[in-house]
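Student: Could you help me learn to read a protein structure? I'd like to go feature by feature.

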Amino acid sequence: MSQDKEIKLSEFQGKKTILWLFSTWCHTCAAGVKAFAKRKDDFEKYNITLIALRNHKNGGYPGPSINEFIDHYVANTELTKNWVIGETSKMMDKQYNSIQYPDIFF
């Protein structure tokens, strides 16, 4: 789910896309969002989409919402139209992150 709207990964088929599943309590995930923000120009230049999704129920641990997490580490001016931010569904989490790693890329 992204911006209160359900999206399908198939919408990104054939496009340069990074799927990033993370938990908002994870310190390496915080470093990751900062690193992605620093490469904002590359995302735009090479038309790469970053789908950044918080793990279902935050991997079972407390932590901020996805929006609070992003807002804390990234200024709105660093966000690009190439970022899709949201939450994984239970089914997606089971398919892509069944081991519950806090930080995983596809």
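Student: Let me start with one residue: is Asn97 buried or exposed?

Tutor: Asn97 is buried, with a relative accessible area of 1%. Here buried means under 20% relative accessible area, exposed means over 50%, and partly exposed is in between, with a 1.4 Å probe and protein chains only. One thing to know early: this is a predicted model, where local features need pLDDT of at least 70 and side-chain atom pairs count only at pLDDT 80 or more, while totals for chains, interfaces and linings use all residues. Residues are numbered from 1 along each chain as its sequence is written, and side-chain values use heavy atoms, with hydrogens and water left out.

Student: Where does Asn97 sit, and which residues does Asn97 touch?

Tutor: Look in the loop between H4 and E4. Contact means heavy atoms within 4.5 Å. Leaving out neighbours within four places in sequence, Asn97 is in contact with Leu21, Asn55, Met92 and Ile104.

Student: What about Asn58: buried or exposed?

Tutor: Buried, at 1% relative accessibility. Asn58 is in the loop between E2 and H3. Not counting residues up to four places away in sequence, Asn58 touches Ser23, Thr24, Trp25 and Gly63.

Student: You keep saying H and E. How many helices and strands are there?

Tutor: The labels come from DSSP runs: helices are H or I with at least four residues, strands are E with at least two, and both are numbered from the N terminus. This protein has 4 helices and 4 strands. Reading from the N terminus, their order is β-α-α-β-α-β-α-β.

Student: And how do I judge whether the protein is compact?

Tutor: Use the radius of gyration, taken over C-alpha atoms, and hold it against the globule rule, which is 2.2 Å times the number of residues to the power 0.38. For this protein the radius is 13 Å, close to the 13 Å the rule gives for 106 residues, so it is as compact as a globular protein of that length. The C-alpha atoms fill a box of roughly 35 × 30 × 25 Å along the principal axes. Of the 106 residues, 38% count as buried.

Student: What share of the contacts joins residues 24 or more positions apart?

Tutor: Among contacts with a separation of 6 or more, 83% are between residues 24 or more positions apart.

Student: Now charges. Why can two side chains pair up?

Tutor: Side chains of opposite charge can pair when their charged atoms come close. We call it a salt bridge when a side-chain nitrogen of Lys or Arg is within 4 Å of a carboxyl oxygen of Asp or Glu. By this rule the count here is 2 salt bridges.

Student: Which residue does Arg54 pair with?

Tutor: Arg54 meets Glu87, at 3.0 Å from N to O. The pair links distant parts of the chain, since Arg54 is in strand E2 (residues 49-54) and Glu87 in strand E3 (residues 83-87), 33 residues apart. Arg54 is buried, with a relative accessible area of 14%, while Glu87 counts as partly exposed at 24%.

Student: And what is the partner of Arg39?

Tutor: Asp42, with the closest N and O atoms 2.3 Å apart. Arg39 counts as partly exposed at 49% relative accessibility, and Asp42 is partly exposed too, with a relative accessible area of 23%.

Student: What should I look for in backbone angles?

Tutor: Most residues other than glycine have a negative phi. Lys57 has a positive phi of about 55° although it is not a glycine. Lys57 lies in the loop between E2 and helix H3 (66-73), and Lys57 is exposed, with a relative accessible area of 63%. Gln100 is another non-glycine with a positive phi, of about 70°. Find Gln100 in the loop between helix H4 (90-96) and strand E4 (103-105); Gln100 counts as partly exposed at 35% relative accessibility.

Student: Last one: how do I compare distance along the chain with distance in space?

Tutor: Try two pairs. Lys15 and Asn47 are 32 residues apart in sequence and 8.3 Å apart in space, C-alpha to C-alpha. Gly60 and Arg39 are 21 residues apart along the chain, with their C-alpha atoms separated by 30 Å.
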